[in-house]
Number of protein chains: 2
Amino acid sequence: MMEDLEQLKLKNQLCFPLYACAKEVVRRYRPFLDELDLTYTQYIVMLVLWEENEKSVHDLGERLFLDSGTLTPVLKSLEAKGYLTRRRSKADERVLLVALTDEGQALKESAAEIPKKMSACVALEPQEAATLYSLLYKMLGQF
Amino acid sequence: MMEDLEQLKLKNQLCFPLYACAKEVVRRYRPFLDELDLTYTQYIVMLVLWEENEKSVHDLGERLFLDSGTLTPVLKSLEAKGYLTRRRSKADERVLLVALTDEGQALKESAAEIPKKMSACVALEPQEAATLYSLLYKMLGQF
DNA sequence: ATTGTATCGGTTGTATACAATTTAATTGTT
DNA sequence: AACAATTAAATTGTATACAACCGATACAAT
(Lines give C-alpha, C1' and ligand atoms only; values in the text may rest on other atoms or scores of the structure.)
Protein backbone atom coordinates (compact mmCIF):
# COMPACT_ATOMS: atom_id res chain seq x y z
CA MET A 1 0.00 0.00 0.00
CA MET A 2 0.97 3.60 -0.60
CA GLU A 3 0.96 4.54 3.09
CA ASP A 4 3.36 1.70 3.85
CA LEU A 5 5.87 3.02 1.35
CA GLU A 6 5.40 6.53 2.73
CA GLN A 7 6.40 5.23 6.16
CA LEU A 8 9.68 4.01 4.70
CA LYS A 9 10.86 7.58 4.21
CA LEU A 10 13.65 8.47 6.61
CA LYS A 11 11.79 11.55 7.82
CA ASN A 12 8.83 9.40 8.89
CA GLN A 13 10.90 7.10 11.07
CA LEU A 14 11.10 7.59 14.81
CA CYS A 15 14.00 5.23 15.27
CA PHE A 16 16.40 7.13 13.07
CA PRO A 17 16.57 10.41 15.03
CA LEU A 18 16.84 8.31 18.17
CA TYR A 19 19.78 6.40 16.73
CA ALA A 20 21.47 9.47 15.27
CA CYS A 21 20.90 11.65 18.33
CA ALA A 22 22.30 9.04 20.71
CA LYS A 23 25.42 8.70 18.58
CA GLU A 24 25.94 12.45 18.30
CA VAL A 25 25.45 13.07 22.00
CA VAL A 26 27.89 10.32 22.93
CA ARG A 27 30.32 11.87 20.49
CA ARG A 28 29.94 15.22 22.32
CA TYR A 29 31.07 13.51 25.51
CA ARG A 30 34.38 12.47 24.02
CA PRO A 31 36.43 15.65 24.65
CA PHE A 32 35.32 15.74 28.29
CA LEU A 33 35.84 12.02 28.82
CA ASP A 34 39.23 12.10 27.10
CA GLU A 35 40.47 14.20 30.00
CA LEU A 36 39.60 11.30 32.32
CA ASP A 37 40.91 8.67 29.90
CA LEU A 38 37.42 7.14 29.74
CA THR A 39 35.20 6.09 26.86
CA TYR A 40 31.45 6.61 27.15
CA THR A 41 30.84 2.94 27.94
CA GLN A 42 33.54 3.02 30.60
CA TYR A 43 31.99 6.23 31.96
CA ILE A 44 28.51 4.76 32.48
CA VAL A 45 30.06 1.76 34.23
CA MET A 46 31.83 4.20 36.55
CA LEU A 47 28.55 6.09 37.09
CA VAL A 48 26.97 2.92 38.48
CA LEU A 49 29.97 2.09 40.63
CA TRP A 50 30.17 5.63 42.02
CA GLU A 51 26.64 5.03 43.26
CA GLU A 52 27.01 1.49 44.52
CA ASN A 53 30.72 0.70 44.78
CA GLU A 54 30.38 -3.02 44.24
CA LYS A 55 28.27 -4.81 41.63
CA SER A 56 28.25 -8.10 39.78
CA VAL A 57 28.73 -8.13 36.02
CA HIS A 58 25.19 -9.39 35.72
CA ASP A 59 23.71 -6.52 37.76
CA LEU A 60 25.82 -3.98 35.89
CA GLY A 61 24.49 -5.44 32.67
CA GLU A 62 20.86 -5.17 33.76
CA ARG A 63 21.36 -1.60 34.83
CA LEU A 64 23.16 -0.57 31.65
CA PHE A 65 21.40 -2.80 29.09
CA LEU A 66 24.71 -4.47 28.25
CA ASP A 67 25.72 -8.12 28.23
CA SER A 68 28.93 -9.82 29.32
CA GLY A 69 30.21 -9.82 25.76
CA THR A 70 30.39 -6.05 25.95
CA LEU A 71 31.14 -5.65 29.63
CA THR A 72 33.99 -8.13 30.03
CA PRO A 73 36.47 -6.21 27.87
CA VAL A 74 35.31 -2.86 29.27
CA LEU A 75 35.79 -4.06 32.84
CA LYS A 76 39.20 -5.53 32.04
CA SER A 77 40.20 -2.22 30.55
CA LEU A 78 39.02 -0.30 33.64
CA GLU A 79 40.89 -2.79 35.80
CA ALA A 80 44.03 -2.19 33.72
CA LYS A 81 43.65 1.55 34.30
CA GLY A 82 43.53 0.85 38.03
CA TYR A 83 39.98 2.14 38.57
CA LEU A 84 38.41 -1.13 39.73
CA THR A 85 39.09 -4.67 40.87
CA ARG A 86 37.50 -7.89 39.63
CA ARG A 87 37.11 -10.86 41.96
CA ARG A 88 34.87 -13.89 42.20
CA SER A 89 32.17 -13.94 44.85
CA LYS A 90 32.87 -16.27 47.76
CA ALA A 91 29.20 -17.13 48.05
CA ASP A 92 28.83 -17.99 44.36
CA GLU A 93 31.93 -18.64 42.32
CA ARG A 94 30.07 -17.96 39.09
CA VAL A 95 29.59 -14.33 40.02
CA LEU A 96 32.28 -11.79 39.34
CA LEU A 97 32.20 -8.78 41.63
CA VAL A 98 33.48 -5.46 40.42
CA ALA A 99 34.53 -2.84 42.99
CA LEU A 100 36.11 0.58 42.80
CA THR A 101 39.69 1.16 43.86
CA ASP A 102 40.58 4.34 45.76
CA GLU A 103 41.74 5.75 42.47
CA GLY A 104 38.39 4.87 40.91
CA GLN A 105 36.59 6.56 43.78
CA ALA A 106 38.75 9.62 43.48
CA LEU A 107 37.94 9.92 39.78
CA LYS A 108 34.39 10.84 40.74
CA GLU A 109 35.54 14.32 41.77
CA SER A 110 37.11 14.89 38.36
CA ALA A 111 33.93 13.74 36.66
CA ALA A 112 31.65 16.00 38.68
CA GLU A 113 31.77 18.82 36.12
CA ILE A 114 30.87 16.68 33.15
CA PRO A 115 27.06 16.67 33.40
CA LYS A 116 27.03 20.46 33.63
CA LYS A 117 29.34 20.82 30.63
CA MET A 118 27.23 18.38 28.64
CA SER A 119 23.90 20.02 29.40
CA ALA A 120 25.41 23.24 28.09
CA CYS A 121 25.82 21.40 24.77
CA VAL A 122 22.16 20.41 24.57
CA ALA A 123 19.82 23.06 23.22
CA LEU A 124 16.68 21.85 24.98
CA GLU A 125 14.81 23.86 27.59
CA PRO A 126 14.64 22.19 31.02
CA GLN A 127 10.98 21.38 30.44
CA GLU A 128 11.73 19.82 27.07
CA ALA A 129 14.58 17.80 28.51
CA ALA A 130 12.24 16.52 31.21
CA THR A 131 9.66 15.50 28.61
CA LEU A 132 12.29 13.77 26.50
CA TYR A 133 13.60 11.99 29.59
CA SER A 134 10.22 10.69 30.57
CA LEU A 135 9.31 9.51 27.08
CA LEU A 136 12.60 7.66 26.74
CA TYR A 137 12.10 5.91 30.07
CA LYS A 138 8.56 5.05 29.10
CA MET A 139 9.91 3.30 26.03
CA LEU A 140 12.71 1.64 27.97
CA GLY A 141 10.20 0.44 30.55
CA GLN A 142 8.65 -2.02 28.15
CA PHE A 143 11.94 -3.70 27.24
CA MET B 1 29.66 20.75 45.01
CA MET B 2 26.97 18.38 46.21
CA GLU B 3 24.64 19.11 43.31
CA ASP B 4 27.37 18.23 40.84
CA LEU B 5 27.77 14.79 42.37
CA GLU B 6 24.01 14.35 42.38
CA GLN B 7 24.00 14.95 38.62
CA LEU B 8 26.44 12.05 38.22
CA LYS B 9 23.72 9.56 39.19
CA LEU B 10 22.61 7.48 36.26
CA LYS B 11 18.97 8.35 36.82
CA ASN B 12 19.77 12.07 36.48
CA GLN B 13 21.41 11.71 33.10
CA LEU B 14 19.53 12.44 29.91
CA CYS B 15 22.11 10.86 27.66
CA PHE B 16 21.85 7.39 29.17
CA PRO B 17 18.19 6.63 28.34
CA LEU B 18 18.86 8.06 24.89
CA TYR B 19 21.81 5.74 24.41
CA ALA B 20 20.05 2.69 25.91
CA CYS B 21 16.77 3.32 24.10
CA ALA B 22 18.44 3.69 20.72
CA LYS B 23 20.30 0.43 21.20
CA GLU B 24 17.21 -1.46 22.32
CA VAL B 25 15.06 -0.17 19.49
CA VAL B 26 17.69 -1.06 16.91
CA ARG B 27 17.84 -4.51 18.50
CA ARG B 28 14.06 -4.84 18.01
CA TYR B 29 14.54 -4.30 14.28
CA ARG B 30 16.82 -7.30 13.98
CA PRO B 31 14.22 -10.08 13.53
CA PHE B 32 12.43 -8.07 10.84
CA LEU B 33 15.64 -7.05 9.09
CA ASP B 34 17.04 -10.58 9.25
CA GLU B 35 14.29 -11.60 6.84
CA LEU B 36 15.72 -9.11 4.32
CA ASP B 37 19.32 -10.02 5.16
CA LEU B 38 19.96 -6.41 6.23
CA THR B 39 21.53 -4.89 9.33
CA TYR B 40 20.11 -1.68 10.72
CA THR B 41 22.90 0.40 9.21
CA GLN B 42 22.38 -1.25 5.85
CA TYR B 43 18.64 -0.63 6.23
CA ILE B 44 18.94 3.12 6.74
CA VAL B 45 21.24 3.35 3.72
CA MET B 46 18.55 1.57 1.72
CA LEU B 47 15.91 3.95 3.11
CA VAL B 48 17.79 6.89 1.63
CA LEU B 49 18.34 5.16 -1.70
CA TRP B 50 14.70 4.11 -1.96
CA GLU B 51 13.92 7.81 -1.79
CA GLU B 52 16.63 9.12 -4.07
CA ASN B 53 18.07 6.20 -6.01
CA GLU B 54 21.52 7.71 -6.51
CA LYS B 55 23.66 9.47 -3.91
CA SER B 56 27.33 10.14 -3.26
CA VAL B 57 28.98 8.62 -0.20
CA HIS B 58 29.38 12.13 1.14
CA ASP B 59 25.68 12.97 0.81
CA LEU B 60 24.67 9.65 2.33
CA GLY B 61 26.95 10.42 5.23
CA GLU B 62 25.45 13.85 5.82
CA ARG B 63 21.96 12.44 5.72
CA LEU B 64 22.75 9.55 8.08
CA PHE B 65 25.36 11.17 10.34
CA LEU B 66 27.94 8.60 9.25
CA ASP B 67 31.43 9.01 7.80
CA SER B 68 33.25 7.11 5.07
CA GLY B 69 34.94 4.93 7.68
CA THR B 70 31.56 3.47 8.51
CA LEU B 71 29.90 3.74 5.12
CA THR B 72 32.60 2.23 2.93
CA PRO B 73 32.34 -1.31 4.37
CA VAL B 74 28.53 -1.07 4.59
CA LEU B 75 28.27 -0.02 0.94
CA LYS B 76 30.67 -2.76 -0.18
CA SER B 77 28.56 -5.26 1.69
CA LEU B 78 25.35 -4.01 0.03
CA GLU B 79 27.11 -4.15 -3.32
CA ALA B 80 28.13 -7.75 -2.61
CA LYS B 81 24.49 -8.60 -1.87
CA GLY B 82 23.58 -7.15 -5.25
CA TYR B 83 21.42 -4.31 -3.93
CA LEU B 84 23.50 -1.41 -5.25
CA THR B 85 26.33 -0.39 -7.54
CA ARG B 86 29.33 1.83 -6.78
CA ARG B 87 30.91 3.93 -9.50
CA ARG B 88 33.00 7.09 -9.68
CA SER B 89 31.35 10.26 -10.91
CA LYS B 90 32.40 11.32 -14.40
CA ALA B 91 32.20 14.98 -13.43
CA ASP B 92 34.37 14.60 -10.33
CA GLU B 93 36.50 11.51 -9.97
CA ARG B 94 36.73 11.97 -6.20
CA VAL B 95 33.04 11.33 -5.81
CA LEU B 96 31.69 7.79 -5.58
CA LEU B 97 28.08 7.44 -6.64
CA VAL B 98 25.93 4.73 -5.14
CA ALA B 99 22.82 3.60 -7.02
CA LEU B 100 20.22 0.89 -6.50
CA THR B 101 20.10 -2.19 -8.70
CA ASP B 102 16.73 -3.56 -9.78
CA GLU B 103 17.06 -6.05 -6.94
CA GLY B 104 17.68 -3.23 -4.51
CA GLN B 105 14.62 -1.39 -5.80
CA ALA B 106 12.53 -4.53 -5.51
CA LEU B 107 13.55 -4.98 -1.88
CA LYS B 108 11.54 -1.89 -1.03
CA GLU B 109 8.31 -3.86 -1.37
CA SER B 110 9.53 -6.45 1.11
CA ALA B 111 10.52 -3.70 3.55
CA ALA B 112 7.17 -1.91 3.36
CA GLU B 113 5.72 -3.77 6.34
CA ILE B 114 8.63 -3.07 8.68
CA PRO B 115 7.64 0.39 9.98
CA LYS B 116 4.18 -0.88 10.88
CA LYS B 117 5.60 -3.92 12.68
CA MET B 118 8.09 -1.73 14.55
CA SER B 119 5.56 0.84 15.68
CA ALA B 120 3.58 -2.03 17.16
CA CYS B 121 6.63 -2.70 19.34
CA VAL B 122 6.77 0.85 20.69
CA ALA B 123 4.41 1.59 23.58
CA LEU B 124 4.08 5.32 22.95
CA GLU B 125 0.82 7.01 22.01
CA PRO B 126 0.89 8.75 18.61
CA GLN B 127 1.00 12.13 20.34
CA GLU B 128 3.91 11.04 22.53
CA ALA B 129 5.77 9.65 19.55
CA ALA B 130 5.28 12.97 17.77
CA THR B 131 6.66 14.87 20.76
CA LEU B 132 9.64 12.56 21.05
CA TYR B 133 10.27 12.91 17.33
CA SER B 134 10.26 16.68 17.45
CA LEU B 135 12.51 16.89 20.52
CA LEU B 136 15.03 14.53 18.95
CA TYR B 137 15.13 16.57 15.76
CA LYS B 138 15.47 19.75 17.76
CA MET B 139 18.58 18.28 19.37
CA LEU B 140 19.90 16.95 16.08
CA GLY B 141 19.37 20.33 14.50
CA GLN B 142 22.14 21.92 16.49
CA PHE B 143 24.75 19.33 15.47
C1' DA C 1 50.89 27.11 -15.58
C1' DT C 2 52.16 26.22 -10.81
C1' DT C 3 51.65 25.58 -6.30
C1' DG C 4 49.19 25.45 -2.11
C1' DT C 5 44.61 24.16 -0.20
C1' DA C 6 40.47 21.73 0.17
C1' DT C 7 37.56 17.79 -0.66
C1' DC C 8 36.36 12.96 -1.28
C1' DG C 9 36.55 8.25 -0.26
C1' DG C 10 39.43 4.57 1.59
C1' DT C 11 42.37 2.54 5.24
C1' DT C 12 43.94 1.65 9.88
C1' DG C 13 43.44 1.20 14.71
C1' DT C 14 40.61 1.11 18.79
C1' DA C 15 36.38 0.32 21.16
C1' DT C 16 31.98 -1.09 21.31
C1' DA C 17 27.57 -4.17 20.73
C1' DC C 18 25.41 -8.44 20.39
C1' DA C 19 24.27 -13.28 18.99
C1' DA C 20 25.82 -17.76 19.77
C1' DT C 21 28.56 -20.93 22.07
C1' DT C 22 31.33 -22.67 25.93
C1' DT C 23 32.77 -23.64 30.64
C1' DA C 24 32.20 -23.67 35.41
C1' DA C 25 29.24 -23.47 39.28
C1' DT C 26 24.70 -23.83 41.38
C1' DT C 27 20.09 -25.37 41.95
C1' DG C 28 16.14 -28.41 41.49
C1' DT C 29 14.23 -32.99 41.18
C1' DT C 30 13.88 -37.20 42.01
C1' DA D 1 23.45 -38.59 46.21
C1' DA D 2 22.85 -38.28 41.08
C1' DC D 3 21.77 -35.86 37.32
C1' DA D 4 19.20 -32.57 34.55
C1' DA D 5 18.34 -27.79 34.06
C1' DT D 6 19.75 -23.21 34.97
C1' DT D 7 22.78 -19.41 35.59
C1' DA D 8 27.07 -16.35 35.27
C1' DA D 9 30.81 -14.85 32.83
C1' DA D 10 34.02 -15.46 29.12
C1' DT D 11 34.96 -16.31 24.32
C1' DT D 12 34.21 -16.11 19.34
C1' DG D 13 32.60 -14.06 15.22
C1' DT D 14 30.42 -10.31 12.77
C1' DA D 15 29.20 -5.57 12.15
C1' DT D 16 29.39 -1.10 13.37
C1' DA D 17 31.35 3.80 14.74
C1' DC D 18 34.76 7.12 14.70
C1' DA D 19 39.32 9.43 14.94
C1' DA D 20 43.35 9.95 12.42
C1' DC D 21 45.65 9.52 8.43
C1' DC D 22 46.43 8.73 3.31
C1' DG D 23 46.24 9.33 -1.74
C1' DA D 24 44.00 11.13 -5.59
C1' DT D 25 41.47 14.74 -7.62
C1' DA D 26 39.80 19.38 -7.97
C1' DC D 27 40.13 24.17 -7.10
C1' DA D 28 42.12 28.80 -6.15
C1' DA D 29 45.16 32.48 -6.43
C1' DT D 30 48.82 34.40 -8.02
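The following exercises, with worked solutions, concern salt bridges in a predicted model.

Residues are numbered from 1 along each chain as written, and chains are lettered from A in the order in which they are written. Local features require pLDDT of at least 70 and side-chain atom pairs count only at pLDDT 80 or more, with side-chain values resting on heavy atoms, hydrogens and water being left out.

**Exercise 1.** Determine which parts of chain A are tied together by the pair A:Glu51 and A:Arg63.

*Solution.* Begin with the criterion: a salt bridge is a side-chain nitrogen of Lys or Arg within 4 Å of a carboxyl oxygen of Asp or Glu. The side chains of A:Glu51 and A:Arg63 form such a contact, at 3.4 Å from N to O. Next, locate the residues: A:Glu51 belongs to helix 3 (residues 40-52) and A:Arg63 to helix 4 (residues 57-64), so the bridge ties together parts 12 residues apart in sequence. Helices here are DSSP runs of H or I with at least four residues, strands runs of E with at least two, numbered from the N terminus. Finally, salt bridges with shared partners join A:Glu51, A:Glu52, A:Lys55 and A:Arg63 into one network.

**Exercise 2.** Establish where B:Arg87 and B:Glu54 lie in chain B, and whether each is buried, partly exposed or exposed.

*Solution.* The closest N and O atoms of this salt bridge are 2.9 Å apart. B:Arg87 lies in strand 2 (residues 84-88) and B:Glu54 in strand 1 (residues 54-56), 33 residues apart. Buried means under 20% relative accessible area, exposed over 50%, and partly exposed in between (1.4 Å probe, protein chains only). B:Arg87, at 42%, is partly exposed; B:Glu54, at 35%, is partly exposed.
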